[in-house]
Each structure stands twice: as C-alpha cells, then as structure tokens.
Amino acid sequence: MSAGDTIYAPATAAGRAGVAVIRISGPGSGTALSALTGGGDVPGPRRATLTTFFDPHSLEALDHGLMLWFPGPDSFTGEDVAELHCHGGTAIMAALLEALSHVAGCRLAEAGEFTRRAFENGKMDLTQAEGVADLIAAETEVQRRQAQRQMAGALGQLYEGWRADLISALAHLEADIDFPDENLPDAITAGQRPVLTRLTKEIFAHLDDDHRGERLRDGCHMVILGAPNVGKSSLLNALARRDAAIVSNQAGTTRDVVEVHLNLNGYPVVLADTAGLRHSEDAIEVEGVRRARARGDQADLKIVLYDCAATPEPGTDVLALLDDGVLVANKIDLAVDAPRAGLGVSSVTGQGVDLLLDRLADEAARRMVGSGVPGLTRLRHRQGLEDCRGALLRALEQGDEELLAEDVRLAARYLGRITGRVDVEDILDVVFSDFCIGK
Ligand code: GDP
C-alpha cells in the first residue's frame, strides 16, 4: 500500500439502485477520469457534468452518467478526487471497476483507505474519522446525532484543548528546568500545579460518565429474566413486534440467548431473552441458565418477569434479581386481580406493552444522555484517557521537577494518541480496520 497510488472503490452499497457512485482519489484521478470519459479534459471543479463512460481499450460505451471533479486539497481526502455517478446495477459497476483497473497507477482501495487519507492529509483527526464510521453505522436518531457531533470534531477539540493546556504547562516546566537561575523557579513549577490538578479533575469527570457514549454507540443492553413459561419469549416478541424468539408452552425451550435490536425513541437497545431460571438436570438447560444469569449480571437493565396469573406468587429468588431493574407482571389477561407488584402486561393481547416500551425508553435515555459535554465512544478513548490521568496523578506526586515534566509530557502524548497528533502509526490500523472498502 502506498499513499502515492490512485485508489478507487464503489462509494455506494452493492445491489440495484437508481444511482451508484464510484470514487477515485490520488494523483492519477484526473487521468483516470479522462480515460473513462473519452479522453477529454476534466470538468470544472465541483460541477456535475453529464458524460458517457467508455471502456478505455475497446471504447465500448458502458454507461451514461455524471462525473464530478474535486481537485485537492479541497476534497474529502485532500487529494484530487473524481466521482462517477452511474446507474446502480451490478454489471455496470463491475464493468466500470474493471475499466478502472486497467488505468495505469490505479488500484482498488483497501478498507477505510479514503478516510485514512483524509486523516493523513490533515482533513480530520482520528476521533472524527471514527465519527465517519459511526455515522454510517448509526441506526437510530440519537446515535446519528452523537456520531455527527464526533465527526464535526467535538470530542477531538475537547482532547486537543486539554493537550494544549498540558503542552503549555510543559513549556513552563521545561523553562524552569533549563533556566533554573532565572526568577523564582519553584514558583513557576508551583504555578503549574493548579493547571494539572484542574485537568486531572476534568479527565476524571469525563471518564466517570457511566459509559454513556459507548452505550449509545453499541446499544443499551437489556435482558429479560424470569422462571420458565412466564412468557419471556412472548414478551420479547411483543416488544420487538416480530417473531424473533421461539415461543412454546413446553418449559425450557429458550436455551440460548436470543437478541433483538430495538429503536426506542431513537435510543438503540439490544434486548435479550434468556433461558428460564430453574433447577434442571439437563446439561444444555443448565448451561442456558448459567448464560442467562451471566447475561443478567452484564446487562445495563434487567427486566424481571413473572406470571401474575399463576400461584404461587413470585418467590424472593426472582425478586432478588431485580436490583434497579424493571419488574413486569405478565399474563394480566388471565389474572383475576390486578398484579400485586410491577407493571402489568399481556404479551398475548398487547395490553400494557406500549407503557412498558415507554418505560424502557426512559430507562435507556437515562443511561445514555449526558451533560452537554461530548461523551467518549470507544474503549480506545477510555484507555488513552486513563493512561493520561495516571501520568497526571504521578506528576502531581513528583517532587523532582524533571520527573514531573516527563510525566506531563507522557500525559500529553497519551491524549495526542487519541486524536492522532503524535505516535499514531501503531494505532492507525486499529482505527481503520473498522471501515469497509469505499469509505
Ligand atoms: P418463556 O418460557 O418464559 O419464554 O415463555 P413463553 O413466551 O414461551 O410462553 C409460555 C406460554 O405462555 C406460551 O404458551 C405463551 O403463549 C403463553 N403466554 C405468554 N405470555 C402470555 C400472556 O400474556 N397471556 C397469555 N394468556 N398467555 C401467555
């Protein structure tokens, strides 16, 4: 892989569509565009121009469409970029990609390579590049908003602001070390301590966010727990409004964990149905129960379900699972009296299901909405911040000025790694491996 290559890839998803887009980036983009459009000049910058696409060798007309020309550096990647807007059909795309493969110096892009070039050419920092990937992957309104903010640079700016403060503190500390005889050196070092203390506090607060940003990116995990046959699979289906889980009146049918992805008022939720909790001699069912309990322990919210039409009343063993979860009384259509505890629903008639969905949406929102500060969205950010905070805590305890300065330098470097400002080579692959080809 070389940054000097000209790369091309479909920018739109495979399949039939009215229009599909092929993107080309690199020094040979203009030549490639010209080769495919009959040898003429490239059109004026950023103007959609109707053209015929030809096979450069056979000169067979392949399609009729639009071409766009974005000369660098004012393009997505910062390089010369061309776009071919053709009809969205499998054979048309294949023919155009094949034609491009014969243009000297052009090759198919690797996963994430367009965005990687945008990063390498200073068009965006790493958190913004991750924002691009998250935006494309966003399935709900709130996920889209978070990704858009990150892509616009909100998170990167927060970290860069902190890093700028650290670098300024470092400059003062180093001046103190280099010119110890100049006026009041200790006072200079002492003057930086409040800055370091403030940054440490801000980073602590940012990390102590109950994983909101990560949860919003990945979905809030909720799990339905309860005894066999209380209607867990039926409730999952009622909530998902489709038959995602196996429903059966034979106890112990849901032996594995079944998941559905829900969009609750824009909040992404991953809802899991689990094996009924009971003692069993059956090895597979025992494993299912073990997984259900483990799943419950990891979940962001437990939905504990009982059958309010059955006697006896739910035992303390089920209620003990509740923590701060939601207690739901199922089968109210069969019960004579109103349920003694919990939100009454019927997974069969649908009664109470909308109320439960509202309640779950509130619970999801409570776990994902933060203060206005952009939330960190990846483990990579969390690790970088934890390393930074560790270095700052060490710095604050240092008596020796040079060691103190070294810890501050490290702290700044850890922050820089999150945005990609320093020492980035080794983390580039991690970031861009999430991408697919054409981004
Ligand atoms: P699970 O073992 O807890 O997952 O329970 P299922 O969802 O498989 O349901 C067990 C049985 O109860 C099935 O026959 C369902 O049709 C029935 N059932 C579930 N929910 C309700 C409900 O709200 N009302 C009524 N009448 N039957 C229900």
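## The loop around G72

G72 is partly exposed, with a relative accessible area of 30%; that value falls between the 20% limit for buried and the 50% limit for exposed. The residue sits in the loop that links β4 (61–70) to β5 (81–88). Leaving aside anything up to four places away in sequence, G72 touches G78, E79 and D80. P27 lies 45 residues away along the chain, and its C-alpha atom is 9.1 Å from that of G72.

## How far to trust the coordinates

Keep in mind that this is a predicted model. The chain has an average pLDDT of 85, and 83% of the residues reach at least 70. Over residues 423–428, though, pLDDT stays under 50, and the model gives that stretch 13 contacts beyond four places in sequence. Where pLDDT is low, the predicted coordinates shouldn't be read in detail.

## The six-stranded sheet

β4 and β5 belong to an open sheet of six strands with mixed pairing, in the order β3-β4-β5-β2-β1-β6. The edges are β3 (49–54) and β6 (106–108); each has a single partner strand, so one side of each has no neighbour in the sheet. From one strand to the next, the twist averages 30 degrees.

At the β6 end, β1 (residues 6–10) pairs with β6 in the parallel sense, over three bridges. One residue to look up there is Y8, whose bridge partner in β6 is L108. Helix α2 (residues 90–101) packs on this sheet and touches β1, β2 (17–25), β3, β4, β5 and β6, with its direction at about 15 degrees to that of β2.

## The β8–β9 hairpin

Strand β8 (residues 258–264) has alternating side chains: V258, V260, L262 and L264 point to one face and are buried, whereas E259, H261 and N263 point to the other face and are not buried. Its partner is β9 (residues 267–273), which runs antiparallel to β8 and is joined to it by seven bridges. Across the pair, V269 of β9 stands opposite L262. The hairpin has two residues between its strands, and N265 takes a positive phi near 50 degrees.

## α9, covered from end to end

What is helix α9 packed against? Its buried residues meet β7 (220–225), β8, β9, β10 (301–307) and α12. Nine of the nine residues in α9 are buried, and the list includes K232, S233, S234 and N237 alongside leucines such as L235 and L236. Just past the helix, R241 takes a positive phi of about 55 degrees.

The packing with α12 can be described in more detail. α9 (residues 232–240) and α12 (residues 353–368) meet at an angle of about 80 degrees, with axes 10 Å apart, and the two are therefore roughly perpendicular. L235, A238 and L239 of α9 make the contact with V353, L356, L357 and L360 of α12. By class, that's seven nonpolar residues, with no polar and no charged ones.

## α13 against α14

Helices α13 (residues 379–397) and α14 (residues 401–419) pack at about 170 degrees, and their axes are 8 Å apart. The pair is therefore roughly antiparallel.

On the α13 side, the contact uses R380, H381, G384, L385, D387, C388, A391, L392, R394 and A395; on the α14 side are L404, D407, V408, L410, A411, Y414, L415, R417 and I418. This contact has 12 nonpolar, two polar and five charged residues.

How values were computed. Residues numbered from 1 in each chain as written. Heavy atoms only, no water. Axes fitted to C-alpha atoms, helices over the stretch in contact; angles between N-to-C directions. Helix = DSSP H or I, 4+ residues; strand = E, 2+ residues; numbered from the N terminus. Parallel < 35°, antiparallel > 145°, perpendicular 65-115°, else oblique. Contact = heavy atoms within 4.5 Å. Nonpolar A, V, L, I, M, F, W, Y, C, P; charged D, E, K, R; others polar. Buried < 20%, exposed > 50% of the residue type's maximum accessible area, 1.4 Å probe, protein only. Pairing = 2+ DSSP bridges. pLDDT = per-residue confidence, 0-100.
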